[in-house]
2 protein chains.
Amino acid sequence: MRVGIVGAHSTKYELRSEREAWELLGEAVQGVLSSVEKGIGGEDIDFVLVSNFSDRFGGILHTAPYVVSLLGRTSAKGARVENACASGGTALYLAWSMVRAGLARNVLVVGYEKMSHQPTAMEANEVLMAAGHPDEIVVGAPFVSLYALIAKAYMDSYGATEEDLALVAVKNHENGLRNPLAAMRRRITVEDVLRSPYISWPLKLYDSSLISDGAAAVVVSADPKRFTDTPVYIEGMGLAHDAPGVFERPDITEFRAMRLAAEEAFRISGLSIKDVHVLEVHDAFTVAELIAYEMLGLARRGEGARLLREGIVMFDGEKPVNPSGGLKSKGHPIGATGVGMVAEIFWQLRGEAGSRQVKGAERGLVENHGGTGGTVVVAVFSR
Amino acid sequence: MRVGIVGAHSTKYELRSEREAWELLGEAVQGVLSSVEKGIGGEDIDFVLVSNFSDRFGGILHTAPYVVSLLGRTSAKGARVENACASGGTALYLAWSMVRAGLARNVLVVGYEKMSHQPTAMEANEVLMAAGHPDEIVVGAPFVSLYALIAKAYMDSYGATEEDLALVAVKNHENGLRNPLAAMRRRITVEDVLRSPYISWPLKLYDSSLISDGAAAVVVSADPKRFTDTPVYIEGMGLAHDAPGVFERPDITEFRAMRLAAEEAFRISGLSIKDVHVLEVHDAFTVAELIAYEMLGLARRGEGARLLREGIVMFDGEKPVNPSGGLKSKGHPIGATGVGMVAEIFWQLRGEAGSRQVKGAERGLVENHGGTGGTVVVAVFSR
């Protein structure tokens, strides 16, 4: 059985949405149903998986029956799923697994987060920190500091520079200019990044992704051709965990779970990184994207930045990464993020990405991770 | 394949635990592994499902990789699952589904909640209310008020009295006296209940379950005899949703999803309510247990209270309900609740329930619901 995605929708990601969380969620649900060319009704959906990180971001829980009710009183079942910033990828992994195993025919996966209710970034940080290891929570280490430890170790081990990190931010902001869904459409230069204030040395303001609001949805189907002539197939997926605490890992410059998840996805799909034409990866902080190149097999260890300097991962390069603008420019409404990445690859592989369309994109990859890599989901798609 | 439960553990439920949420969670994980007679190791677990309602109750998220790390760096995968107060039942439903479908061999289901961090019951109510329909959240209706609407309608429709409701509380507190895991071991009389202060008319303090702390875990296996000579089999399960808002329902005196979930569980198991010897049901408020008798087929509509007056659901009756003390006396740490109910039935069917052992208990039933019945899970077990 080839499991396929038959529809996708994303709200615009916003820094401060005027809409409530349930309105964003509602738009994503109605939007994804409307996006299915041959039509799909609530009665076709037999399972709903809602991806959301924290009720401190949005104020609502028990959203599965709410989404089922939006489908019009069907007999669908549902649950909310959480694995920190990898909640969306995890929901897709479960949807794909359930459809493959015959537990469901058509699964609606919808993710949302409304983060801007928090009065300041410090309060938002406190919520985010709940995704850390308990010992990291006890000492009060925010994620930017944990990623700064990783960045420092990576720079020490491989000679990477702050400018290397900045190149990720500059690329993704450039890409985000082409994306009407992006929360921050602003061109930045390497100098802008280097001059931006340090948050936790060596990471600066512009090394960090955006606290933002948004929702995204896809429908995963056992019978994709029933709903569209141009489905995007899920060729393989992997989900893996690492020790949740940075302090527990023998080498903090690698994301072990990312390597494992990618191996699993490639093994199942029979494809390799060479076969992939476009990628959406989890650039929560710039250093994460650099290391992702290496974990996914695009570059050897320590050589991530070369892909930027040689143009390979740029929009018009051989392997464009984050044509959407990524978490850096498009935004990172936690529960929506992984689902939104899948929506982007869906549009790219169907040739529907407008001015940000990657030419010749026939196969794509999504990498979505939670915490400092305690959970990683990788999915490989083809049209 | 007969899917079985091979081990169970519950912390004592407490009104104010001195332990952090992750310590409660850790005890449940270590405890359930130790409870498996023939031994089970972290490497035997291939999936972890964590049940937890809100990070405002306990301060931690992304707990699946944390639990996997407690298992000793296995290649297990995991996710956290939430469906309000039915989170535990939902996690069990997914575990059972995954094992039946061959997606996993042995699934660890662990639920926890630490609610006493909230300074007052009002703050706890605010968190709980996130499980309501968005329109109920907007108007600020706490659950006790929503259940009061249900109680008022039930009393008007069927002539039930406040004393009928009180009988549920008195029975469950009497049962809780025998349970060392119960948070509030206190004998109460009908007069105590009737004299307790109204919270939301006609519901009083003693009609309400306990804000409490605790964790519980079970292991669900495709190969139960490998791990114990006396597994408890999951003969059938059902999960159903209703419109999440009380205001949306044509008849608020029934829990439609409970009827549907019970029908599904009985159909799959080939059993009926007549075959069940012991039940744990979701007495979040006393009226919910009365209506549960009727939805599960123990009594006709409006005749729930007769089962109490005639002694049928009492500890030494024909169909004992909530021998654990229920949510009323044992406690209701949200994410743990459904899992703890399953642990109780596991012990009852294995004859390990000590002084609260129900005689001749060979088949049992768990009913776990979320919100005002927006999600209901029913499971039928046999030894």
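A residue is called buried if 20 or more other C-beta atoms lie within 10 Å of its own, exposed if 12 or fewer do, and partly exposed in between, with C-beta atoms placed from the backbone. B:Pro320 is buried, because 23 other C-beta atoms lie within 10 Å.

This is a predicted model, in which local features need pLDDT of at least 70, side-chain atom pairs count only at pLDDT 80 or more, and totals for chains, interfaces and linings use all residues. Residues are numbered from 1 along each chain as its sequence is written, and chains are lettered from A in the order in which they are written.

**Confidence.** The predictor's confidence in each residue is pLDDT, from 0 to 100. Chain A has a mean pLDDT of 97, and 100% of its residues reach 70 or more. Among the elements of chain A (helices are DSSP runs of H or I with at least four residues, strands are runs of E with at least two, numbered from the N terminus), helix α4 (residues 121-128) has the lowest mean pLDDT, 91, and strand β9 (residues 278-280) the highest, 99. For the complex, the predictor gives an ipTM of 0.97 and a pTM of 0.98.

**Symmetry of the two chains.** Copies are superposed by least squares on the C-alpha atoms of residues with pLDDT of at least 70 in both. A turn of 180° with a shift of 0.0 Å along the axis lays chain A on chain B with an RMSD of 0.0 Å. That is the relation of a two-fold axis. A:Val81 comes closest to this axis of the residues of chain A, at 2.4 Å (C-alpha). The bridge partner of A:Val81 in β3(B) is B:Val81. Strands β3(A) and β3 (residues 77-82) of chain B pair in the antiparallel sense over three bridges, where pairing requires at least two DSSP bridges between the strands.

**Two contact surfaces.** Residues are in contact if their C-beta atoms, placed from the backbone, lie within 7 Å. Chain A is divided into domain 1 (4-118 + 213-227) and domain 2 (125-210 + 235-382), with bounds from an automatic or database domain assignment. The centres of these domains of chain A, taken over C-alpha atoms, are separated by 23 Å. In the classes tabulated below, Ala, Val, Leu, Ile, Met, Phe, Trp, Tyr, Cys and Pro count as nonpolar, Asp, Glu, Lys and Arg as charged, and the others, Gly among them, as polar.

| Side | Residues in contact | Element giving the most | Classes |
|---|---|---|---|
| Chain A, touching chain B | 42 residues | β3(A), six residues | 21 nonpolar, 15 polar, six charged residues |
| Domain 1 of chain A, touching domain 2 of chain A | 39 residues | α3(A), eight residues | 21 nonpolar, 13 polar, five charged residues |

Chain B also contributes 42 residues to the contact between chains, and domain 2 of chain A contributes 36 residues to the contact between domains.

**Helix α2 of chain B.** All eight residues of helix α2 (residues 63-70) of chain B are buried, including B:Thr63, B:Tyr66 and B:Leu70. Their cover includes β8 and β11 (375-382) of chain A, together with α1 (21-34), β2 (47-51), β3 and β4 (106-114) of chain B. Just after α2(B), B:Gly72 takes a positive phi of about 95°.

**Surroundings of B:Pro320.** B:Pro320 lies in the loop between α11 (304-309) and α12 (326-329) of chain B. Leaving aside neighbours within four places in sequence, B:Pro320 is in contact with B:Val278, B:Val313, B:Met314, B:Phe315 and B:Val358.

Note on methods
Two residues are in contact if their C-beta atoms, placed from the backbone, lie within 7 Å.
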